[in-house]
Amino acid sequence: MLTGRVWPAHPHPYSGECLSSWLIRCAHANGMKVQTFCVRNFGHERQIWNRDVDRHAPEWLLNTLSEKTATPLTEVVKTTMLLFEGLFFTKKHLSGQLRWVLPLSLYHRTFRNFGVQFCPQCLAEDSEPYFRLSWRLAFYTFCPKHHILMHDRCHSCKMPVSYHRAELGKANQMEGEPMDHCWYCGFKLSEAPSVSMVKECSPAFAQWNELLSVVDQQLTGSGVFHYGRMLLLHQLCRLIVSQSLAPDLQSYVCELTGQPVLDLIKSRMAFEHRAIDERHYVIGLALWLSDSDAEHKLTTAIQRRKLPSNQVYRDLNESERVALEKLFTLPASKRGNK
């Protein structure tokens, strides 16, 4: 049945869809459960779901999907994190934290981190619910279409979203469930409450909204992207949540912007590991600091001893330092600075 040139049913990826979501739809379209479909196509020796397949899609999987769905390989690649290589991170690597990419923290086939986000209204409007690749990015904290905050876990049971597990342990269930159902408790994710966000008129918010919209469109018209700017934004997010590198930076920015000083989780966890409400708040502060007037704002923060200048370049390689130095020249911190 599956040995033909293409699969009997070979749906193409929806706009912005991630590979894992697309692969599940292919299985269901051919009347199979996900695990059965993968074993019949790739064998027991080639495992799919014990890895972050949207981040580490092996070449044989990309080629098979291209051939069996009659989809150009260039379009298949766009369903993976390769789409963002060179824009949000320098080069994709197999292990460790990838800049801006939400980690799944896989244990066998179980996600231990909240690395899959969703917009309930987008899922509700889909003719067939599916998950977007852009929802895996740490700065994607609100939906630019509906202007509501994203969810990063099931609203009912608080478990991570793991749509590939929805059929496990259900031997008598013949049909796969739609992907908008929680794998653990069955709650319909598309019915999760919509939390409206306060619309701001600031240039920083407009920049943020435009960034998310372009990412949703798979970088079509991506003139808004600037690698150095994204790098700076990430560095500032790291510093704002840090209790040791720039402990006064959060309160300093809040004082200037009128934002409340929230009690952030005191931990050395990476920015991408933090919950969505904390990331949303921190990105708002970092965007204000990294806008077109960044050189003046950063210089002032350094002179007032709220930001050690060397920390702006912390843990960057040579090419990344050069990317930042093209944006501005910062003064050295005065002796005795924190």
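Partly exposed here covers a relative accessible area between the two cut-offs: under 20% is buried and over 50% is exposed. Keep that scale in mind, as it sorts several residues below. One caution before we start: this is a predicted model.

**The chain as a whole**

Let's begin with the overall build. There are 11 helices and 2 strands in the chain, and along the sequence they run α-α-α-α-β-β-α-α-α-α-α-α-α. The radius of gyration comes out at 21 Å, close to the 20 Å that the globule rule gives for 338 residues, so the chain is as compact as a globular protein of that length. Measured out along the principal axes, the C-alpha atoms fill a box of roughly 70 × 40 × 35 Å.

As for packing, 53% of the 338 residues count as buried. If you take the contacts between residues at least 6 apart in sequence, 69% of them join residues at least 24 apart.

**Two odd backbone angles**

Two residues that aren't glycine have a positive phi, and here is how they line up.

| Residue | Phi | Loop | Relative accessibility |
|---|---|---|---|
| A70 | about 55° | between α3 (59-69) and α4 (73-77) | 44% |
| D315 | near 65° | between α10 (294-303) and α11 (318-325) | 56% |

Is A70 buried, partly exposed or exposed? With 44% relative accessibility, it counts as partly exposed, because that value falls between the 20% and 50% cut-offs. D315 sits at 56%, which is over 50%, so it counts as exposed.

**The largest pocket**

D315 turns up again here. The largest pocket holds about 580 Å³ of space. Its lining is made up of 26 residues, and R238, R268, A270, F271 and D315 are the ones nearest the centre. Which helix gives the largest share of that lining? That's α7 (residues 227-241), with 4 residues. By type, the lining splits into 8 nonpolar, 9 polar and 9 charged residues.

**The nonpolar core**

In soluble globular proteins, nonpolar side chains tend to be buried together. In this model, the largest nonpolar core has 104 residues, and F84, F131 and F139 touch the most other members. Helix α7 gives the most to this core, with 10 residues. So α7 is worth a look from both sides, as it also gives the largest share of the pocket lining.

F131 has quite a list of partners. Setting aside its neighbours within four places in sequence, F131 is in contact with G16, E17, C18, S21, V116, Q117, F118, L123, V161, Y163, M179 and L189.

**R132, next along the chain**

R132 is in the loop between α5 (120-125) and α6 (203-216). Is R132 buried or exposed? Its relative accessible area is 12%, so this arginine is buried, the cut-off being 20%. Beyond its neighbours within four places in sequence, R132 touches S15, G16, E17, C18, C122 and D126. Three of these names, G16, E17 and C18, also appear among the contacts of F131.

**Enclosed spaces**

Rolling a probe the size of a water molecule over the atoms shows where empty space is left. Across the whole structure, a search finds 4 cavities of 30 Å³ or more. The largest cavity has about 100 Å³ of space. Its lining consists of S20, W49, R51, D52, V53, D54, L104, F111, V116, R136, Y163 and H164, which divide into 6 nonpolar, 2 polar and 4 charged residues. Two of them, V116 and Y163, are also contacts of F131.

Key. Residues are numbered from 1 along each chain as its sequence is written. This is a predicted model: local features need pLDDT of at least 70, side-chain atom pairs count only at pLDDT 80 or more; totals for chains, interfaces and linings use all residues. Side-chain values use heavy atoms; hydrogens and water are left out. Buried means under 20% relative accessible area, exposed over 50%, partly exposed in between (1.4 Å probe, protein chains only). On a 1 Å grid over the protein atoms alone, a cavity is a set of points where a 1.4 Å probe fits but cannot get out, and a pocket is an open set with protein on both sides within 12 Å along at least five of seven lines; lining residues have an atom within 4 Å of a point. Grid points are joined across faces, edges and corners, and a volume is the space filled by probe spheres set on the points. Ala, Val, Leu, Ile, Met, Phe, Trp, Tyr, Cys and Pro count as nonpolar, Asp, Glu, Lys and Arg as charged, and the others, Gly among them, as polar. Contact means heavy atoms within 4.5 Å. A nonpolar core is a set of buried Ala, Val, Leu, Ile, Met, Phe, Trp, Tyr and Cys residues joined through side-chain atoms within 4.5 Å. The radius of gyration is taken over C-alpha atoms; the globule rule is 2.2 Å times the number of residues to the power 0.38.
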